[in-house]
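Grab a coffee and open the viewer. Below are a few exercises, each with a solution worked out step by step.

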There are 2 protein chains.
Amino acid sequence: MDQISTTSFSVNGITYTPQQQPIVVICMDGSADEYYNAALTRDKMPCLKAMIRSGYRGLVRGALPSFTNVNNTSIVTGLPPSAHGICGNFFYDEKNDMEVMMNSAEYLRAGTILAAAAASGRKVAVVTAKEKLRDILSHQLKGIAFSAERASDTKLSVHGIEQAEQTVGLNTPEIYSADASLFVLRAGVALIEKGMADFLYLSLTDYMQHTYAPEAPEALDFYAAIDTELGRLLSLGARIGATPDHGMNPKITAGGKPNVLYVEDLLEAQFGSGFRVICPITDPYVKHHGALGSYVVIHIEDKSIIQEVIAFLHTIPGITEVYNKEEAVRHLEQPSDRTGDVVVLSGRNVVVGRKPRYHDLNAIEGALRSHGGRYEEMISMILSHPLNNEYLLRSAGDPRNFQIFDFLINGTK
Amino acid sequence: MDQISTTSFSVNGITYTPQQQPIVVICMDGSADEYYNAALTRDKMPCLKAMIRSGYRGLVRGALPSFTNVNNTSIVTGLPPSAHGICGNFFYDEKNDMEVMMNSAEYLRAGTILAAAAASGRKVAVVTAKEKLRDILSHQLKGIAFSAERASDTKLSVHGIEQAEQTVGLNTPEIYSADASLFVLRAGVALIEKGMADFLYLSLTDYMQHTYAPEAPEALDFYAAIDTELGRLLSLGARIGATPDHGMNPKITAGGKPNVLYVEDLLEAQFGSGFRVICPITDPYVKHHGALGSYVVIHIEDKSIIQEVIAFLHTIPGITEVYNKEEAVRHLEQPSDRTGDVVVLSGRNVVVGRKPRYHDLNAIEGALRSHGGRYEEMISMILSHPLNNEYLLRSAGDPRNFQIFDFLINGTK
């Protein structure tokens, strides 16, 4: 095996000095702490348990909105959305009257830790369950980057790897499955085993968490299978950090139906027309959530009524926080040119939408479970190695999930 | 042993039909979920683990401010502070220009589940670590009610029990100790063993959590000792529900010092005089927190500047939420006559105070750990028995810590 590079590299104001062993950061998509707890209490995650006992587990604050691409981008840049620019799947460009999809690196305003690690001499690999994340995660990266969803399609020139299925030893999984995430972890194991990577970012998908509660047998089996892969990574000598992008909560009424506030309808009924509600969770993977999350952005034609709209929204049961643009920039770390006049967050069991016609509730499998708001903000950071004194003190501040590369590389003994 | 009454009783709109076995609700003061997780992962709480596996564990939302007497009162009434009136240790009565302490039942606006259970024929016992809670918890109660802090002092006419120390078999503990809480649990065990109670509310104190982080050996030992008492209660056939009043977070700067925003000073520097900041965490137990929490209430002489003050407070780093009175009533469930013109919540690692002279930082033992705000709102509810289908659905909504009597009695199989 080649020597693993320990050359320091700097990106976005932080210098990373990686250890001479495989560095693996895992984005445990949608892993609200309840999932770990349910599995640990039932002895389904012995490797995670050992990791926590010899390493570290603590709560950290994710980026808002608590969505997948926002937090994946934060994790690989080490920055909040205000700095990296990716604040959802969509934003509305008022000047050009266009809804703009942000799933491409063209909207990224910062370099990634992954590209910088590769430039410093590490063999970097990114494996993501969902293809939609690949473009951002592989931005300027000289290394391997492919998705489980399109593993059958990899080309050396594009993905840095030929015949990924053969390398992993598995066929391309169905995206709506536990296997979509397990494939990612197994790919990580295979890439380390074969000496193809020593600095990895493995990003899972939250289909299972959108579909099953923490105590469901399907969820417990899923986490047990994750644990097996964690064990393999540990036995390969990896230094592992795991953090979710966001938590997950049921968003249902007492009758078990989706608990939705259609914000554009509410506003039109009160003020007439002139509103555009953006649901930045909207993406092509509708089976997960029907484009319903706990965070929406509102654009208002008549700017003179913003304060009145905010006061009205504060009176709607289920809406928990309402901010004007300045406050959203400050409290929610949003890029001011990609947010709206008003930002709304909803309660633990409430999602906010646009109008019924924009949301296909029939696409949702099982009861609606979703995220995006404050009650999916707090998640855990788990590290395979204990923190040094400096980072132990930092962990007692306001640590963030997107500091995980820093904590893992610079903060562990 | 006498027959245990199963007569239904109703209070504050809910009918309770208790089982023919000891009902025990424990307020696990300051037990942020991290404390359970640290102890469970290290195999320190086998009884709690068994309880969770055969029963229920889920996150619930506490009442705000996330303080002890607010949430204890909520738990024993089944109501939010807007309905029971106790929204802190203090409020400012603007009309009479008086700061009023709310630690007495005279300020309670609702009956308690405990008094109603006793009236229905249950043998009720309340044991609280801190004497300050006894008056509210024992309001109109025909039964036993005493504090660990004053266990040496009990009188039949006042406390429903003579010589409590002898009954428990322990001397009155030091209030700043693990024993203050363990005494409460051992008292519960003794009262059931001796047939003196079959419906118990046991309220611990958070001195240990204010002082030690979850992984500290002292904290792990404390939870192991709690676990022993849980095991005794279970072996006595008790049906147990456990929930904290609030979580707990370090509130320190990067240098390890208390991370305090002195709000009255900030406001005076910006607007001049005319402000009174109330810190409703203030109580006689200063070693815990130096009267510093993550929630303050502001009274403003000149009501015309309220909006301006709110806008200013929104710009202060560390302040996370700012509400006017109406919004505080709605979003934070506050009684409008006992809150102020503006309510401020601070971040996970930030406390808000009045002016330095009102806060004795020297009284704090170790690093400042405190609560009161949004980041101490989410806590767990643990039940010894599994939920029935109706309450399982409710648990997927927005369950509250103060519904624990309802969940335990009406919601478990």
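**Exercise 1. A salt bridge in chain B**

Is Glu34(B) buried or exposed, and what is its relative accessible area? Work that out, then find its charged partner and see where the two sit in the chain.

*Solution.* One thing to keep in mind throughout: this is a predicted model.

- Step 1. The relative accessible area of Glu34(B) is 19%. Buried means under 20%, so Glu34(B) counts as buried.
- Step 2. Now the partner. Glu34(B) makes a salt bridge with Arg348(B), and the closest N and O atoms are 4.0 Å apart.
- Step 3. Place both ends. Glu34(B) belongs to helix 1 of chain B, while Arg348(B) is in the loop between strand 16 (342-346) and strand 17 (351-353) of chain B. The two are 314 residues apart, so this pair links distant parts of the chain.
- Step 4. Check the other end for burial. Arg348(B) has a relative accessible area of 6%, so Arg348(B) is buried too.

**Exercise 2. Two salt bridges in chain A**

Look at Glu34(A) with Arg348(A), then at Lys303(A) with Asp341(A). For each pair, give the N to O distance, the location and the burial of both ends.

*Solution.* The background is simple: side chains of opposite charge can pair when their charged atoms come close.

- Step 1. Glu34(A) and Arg348(A) meet in a salt bridge at 4.0 Å, N to O. Glu34(A) is in helix 1 (residues 33-41) of chain A, and Arg348(A) is in the loop between strand 16 (342-346) and strand 17 (351-353) of chain A, 314 residues apart.
- Step 2. Glu34(A) is buried at 17% relative accessible area, and Arg348(A) is buried at 6%.
- Step 3. For Lys303(A) and Asp341(A), the N to O distance is 2.7 Å. Lys303(A) lies in the loop between strand 14 (295-300) and helix 14 (306-314) of chain A, and Asp341(A) in the loop between helix 15 (325-331) and strand 16 of chain A, so the salt bridge ties together parts 38 residues apart in sequence.
- Step 4. Here the ends get separate labels: Lys303(A) is partly exposed at 38%, whereas Asp341(A) is buried at 6%.
- Step 5. Zoom out. Over all chains, the structure holds 53 salt bridges.

**Exercise 3. Helix 1 against helix 11**

At what angle do the axes of helix 1 and helix 11 of chain A cross, and which residues make the contact? Then repeat the job for chain B.

*Solution.* Two packed helices are described by the angle between their axes and the distance between the axes.

- Step 1. In chain A, the axes of helix 1 and helix 11 (residues 217-235) come within 10 Å and cross at roughly 85 degrees. Angles of 65 to 115 degrees count as roughly perpendicular, and so helix 1 of chain A is roughly perpendicular to helix 11 of chain A.
- Step 2. On the helix 1 side you'll find Tyr35(A), Tyr36(A), Ala38(A) and Ala39(A); they meet Ala219(A), Leu220(A) and Tyr223(A) of helix 11 of chain A.
- Step 3. Sort the contact residues by type: 7 nonpolar, no polar and no charged.
- Step 4. Over to chain B. The axes of helix 1 (residues 33-41) and helix 11 (residues 217-235) of chain B come within 10 Å and cross at roughly 85 degrees, and these helices are therefore roughly perpendicular.
- Step 5. Tyr35(B), Tyr36(B), Ala38(B) and Ala39(B) of helix 1 of chain B make the contact with Ala219(B), Leu220(B) and Tyr223(B) of helix 11 of chain B. The split is 7 nonpolar, no polar and no charged.

**Exercise 4. Strand 16 of chain B**

How many residues of strand 16 of chain B are buried? Sort them by the way they point, and name the strands that pair with strand 16.

*Solution.*

- Step 1. The count is 5 of the 5 residues, so strand 16 of chain B is largely enclosed by the rest of the structure.
- Step 2. Val342(B), Val344(B) and Ser346(B) point one way, Val343(B) and Leu345(B) the other way.
- Step 3. Strand 14 (residues 295-300) of chain B pairs with strand 16 in the antiparallel sense over 4 bridges. Within that strand 16, Leu345(B) is the bridge partner of Tyr295(B).
- Step 4. Strand 15 (residues 319-324) of chain B is joined to strand 16 by 5 bridges, again antiparallel. Val322(B) stands opposite Val344(B) of strand 16.

Methods
Residues are numbered from 1 along each chain as its sequence is written. Chains are lettered from A and ligands numbered from 1 in the order in which they are written. This is a predicted model: local features need pLDDT of at least 70, side-chain atom pairs count only at pLDDT 80 or more; totals for chains, interfaces and linings use all residues. Side-chain values use heavy atoms; hydrogens and water are left out. Axes are lines fitted to C-alpha atoms, for helices over the stretch in contact, and angles run from 0 to 180 degrees between N-to-C directions. Angles under 35 degrees count as roughly parallel, over 145 as roughly antiparallel, 65 to 115 as roughly perpendicular and the rest as oblique. Contact means heavy atoms within 4.5 Å. Ala, Val, Leu, Ile, Met, Phe, Trp, Tyr, Cys and Pro count as nonpolar, Asp, Glu, Lys and Arg as charged, and the others, Gly among them, as polar. A salt bridge is a side-chain nitrogen of Lys or Arg within 4 Å of a carboxyl oxygen of Asp or Glu. Buried means under 20% relative accessible area, exposed over 50%, partly exposed in between (1.4 Å probe, protein chains only). Two strands pair if DSSP finds at least two bridges between them.
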